[in-house]
Amino acid sequence: KLPDRLTLLCPPDAALPGIVALTQYHLAETLMSEGYLTAAIELYEQFDASANQPVEGAPAELGVLRRANPRAGQARAAVARALLGDYAAAADQFRAAFAPQTMEAADVRQYAEYLLRADRIEAALTALRAAVVDDPAALALLREAYARRTQPEALVAELRKLVKAHPDRRHLLMALADTLREQDRPDEALELLRTRAAGASANAALRWAVFDALAEQGDVAAALAEATAAVRAQPRAASDAAIRINELAAQADALAVPKLGDDFAAAFVSALYAEARGELDAALGDFARAVALAPDFLPARVRLARMHLARYAWDDAIAAARPEDRAPLEDARLETILGKAYSGLNQPDAAVEHLRKALRLNRLATEAMVALAELYRDNGQADRALRQLQALIDADPRHERGRELLFHAYLADGDNRAAARQLEELRRLGATPTCIARCVAFMEFNPNAPDTARFRATLQEAIDADRPDAATVELIGLAYMQERRH
């Protein structure tokens with residue numbers, strides 16, 4: 001930049017050394033970003049010499065740079081040398097830029113990477129042994145170092161030492177387990193995780209690691225038993241259970257729900273597994289049993305209430321979400337379920353009350369926002385529905401259902417341009433093919449000259465290209481009904 005260059009060309013002025021030093025730094029940054037690496041190195045090194053002279057009234061930014069690292073110029077020069085491919089010089093200069101014991105974890109990782117690129121493997125390992133204790137990102141470099149030495153067993157031995165010396169660092173344990181699996185030693189990995197998970201200080205994450213290892217080996221019954229132990233030991237870990245058990249059920253078609261125990265955790269895990277397998281009556285019974293055994297265990301209560309909601313059993317959903325024999329449970333999910341149930345019972349005032357309460361409990365409860373917008377729409381309050389949908393998109397710009405509803409709100413209002421903008425935004429955000437197809441079908445549909453065959457074809461093409469979903473199939477059914485093809 002010309003002003004920076006002119007400043008540097010000016011004769012030295014004793015009153016302005018701080019400004020000159022700061023200009024050197026910024027010009028070096030500009031030169032490096034534009035690829036003039038040798039010139040940048042020279043200026044970075046000059047900066048350190050200039051910046052560390054005591055100056056009264058130096059710019060505040062210079063003070064920040066000094067406090068962060070008195071040799072900041074040397075550190076940046078080392079980066080430039082690495083970009084030139086001179087990793088040995090980069091490593092030496094980078095190390096010299098820091099006083100002993102002052103490197104942060106990211107600095108040690110960067111230094112070790114330069115050493116590795118310079119083929120100074122032993123020096124890199126020395127740096128990494130300390131770094132990996134507090135810096136999980138450094139583990140990749142540790143693996144690379146041993147791979148360069150073609151010593152896979154030595155990596156296992158190194159990780160065992162680290163795990164033994166630092167038993168509280170879970171990332172080291174997981175790295176050891178992953179390494180054993182990569183070396184086709186899954187039984188050793190499983191035994192390692194099981195031993196640690198059985199300890200008194202084991203956390204839920206370790207138990208889920210055992211679950212994942214068992215699932216990978218195809219031992220579904222043992223994996224479900226481990227999931228039960230995880231939920232039992234730490235009920236808050238139940239949020240991790242559903243996704244994992246869904247994936248497990250997909251690979252275990254032949255295995256019926258095993259007997260897991262008699263407590264709330266066993267009932268909950270059994271219910272999740274039955275639900276994932278499509279055995280909905282069994283799931284409903286097990287969720288109800290989990291709630292009876294542990295009335296304050298919200299994950300089971302929420303799932304029980306949702307199952308009733310999905311069956312249009314409005315009164316049962318209300319009873320599950322708000323039991324009469326207990327004080328109300330303050331939870332946005334339960335309030336949302338209550339709102340939907342009262343909407344199903346055609347009690348809009350009660351529905352609005354509960355949905356608004358859900359948003360007071362969690363202002364980002366998008367499910368409640370969608371339900372409230374749909375309730376306003378269905379009760380002829382289009383303006384309120386539109387405002388609610390706009391609030392939803394402000395809270396979650398990628399919310400597919402919210403954008404689809406906003407598309408329909410604009411279309412119903414006759415604002416085709418705004419509807420088209422929402423359709424384009426859905427495309428840009430990568431919405432599902434069926435969602436896009438539903439919007440396109442409605443955009444092209446002319447109620448004055450209805451072409452229901454074309455409407456159906458647009459939706460069917462999306463299903464054929466992706467997969468069916470309830471909303472799209474329902475629209476196809478309604479189109480057939482329009483044609484009186486019952």
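The buried residues of helix H20 are covered by elements that include H18, helix H19 (314–321), H21 and helix H22 (366–378). This is a predicted model, and the account below starts from H20 before turning to salt bridges and nonpolar cores.

**Helix H20 and its surroundings**

Helix H20 comprises 13 residues, 332–344, which at 1.5 Å a residue should span 18 Å, and the distance of 18 Å between its end C-alpha atoms agrees with that expectation. Its buried residues are Ala 332, Leu 334, Glu 335, Thr 336, Ile 337, Leu 338, Gly 339, Ala 341 and Tyr 342. At the start of H20, a side-chain oxygen of Asp 331 comes to within 3.0 Å of the backbone nitrogen of Arg 333, and the side chains of these two residues also meet in a salt bridge, with an N to O distance of 3.0 Å. Asp 331 counts as buried because its relative accessible area, 11%, is under 20%, whereas Arg 333, at 35%, is partly exposed. Just after H20, Asn 346 adopts a positive phi of about 60°.

One residue of H21, the helix formed by residues 348–361, is His 354. His 354 is buried, with a relative accessible area of 9%, and, when neighbours within four places in sequence are left aside, His 354 is in contact with Arg 322, Glu 335, Leu 338, Gly 339 and Tyr 342. Among these partners, Glu 335, Leu 338, Gly 339 and Tyr 342 belong to the buried residues of H20.

**Salt bridges**

The structure holds 39 salt bridges, and three of the pairs are set out here.

| Pair | N to O distance | Relative accessible area |
|---|---|---|
| Arg 303 and Glu 275 | 3.0 Å | Arg 303 28%, Glu 275 26% |
| Arg 333 and Asp 331 | 3.0 Å | Arg 333 35%, Asp 331 11% |
| Asp 469 and Arg 438 | 3.3 Å | Asp 469 22%, Arg 438 8% |

The salt bridge between Arg 303 and Glu 275, at 3.0 Å from N to O, links distant parts of the chain, since Arg 303 lies in helix H18 (residues 298–310) and Glu 275 in helix H16 (residues 264–276), 28 residues apart. Arg 303 is partly exposed, and Glu 275 is likewise partly exposed.

The side chains of Asp 469 and Arg 438 also meet in a salt bridge. Asp 469 is located in the loop between helix H27 (452–465) and helix H28 (470–482), while Arg 438 is in helix H26 (residues 433–444), so this pair ties together parts that are 31 residues apart in sequence. In this pair, Asp 469 is partly exposed, but Arg 438 is buried. Elsewhere, Glu 113, Arg 117, Asp 119, Glu 144 and Arg 148 are joined in a network of salt bridges.

**Nonpolar cores**

The largest nonpolar core has 155 residues, and those with the most contacts inside it are Leu 142, Trp 208, Val 231, Ile 245 and Phe 268. Helix H16 supplies the largest share of this core, 10 residues. Leu 142, with residues up to four places away in sequence not counted, touches Leu 125, Leu 128, Val 132, Leu 155, Glu 158, Leu 159 and Leu 162. A second core, separate from the largest one, consists of nine residues, including Ala 441, Leu 459, Ala 462 and Ile 463.

Methods: Residues numbered from 1 in each chain as written. Predicted model: local features only at pLDDT ≥ 70, side-chain atom pairs only at ≥ 80, totals over all residues. Heavy atoms only, no water. Salt bridge = Lys/Arg side-chain N within 4 Å of Asp/Glu carboxyl O. Helix = DSSP H or I, 4+ residues; strand = E, 2+ residues; numbered from the N terminus. Buried < 20%, exposed > 50% of the residue type's maximum accessible area, 1.4 Å probe, protein only. Contact = heavy atoms within 4.5 Å. Core = buried A, V, L, I, M, F, W, Y, C linked by side-chain atoms within 4.5 Å. Expected span 1.5 Å × (residues − 1). Polar contact = N/O pair within 3.5 Å; in protein donor to acceptor, adjacent residues only side chain to side chain.
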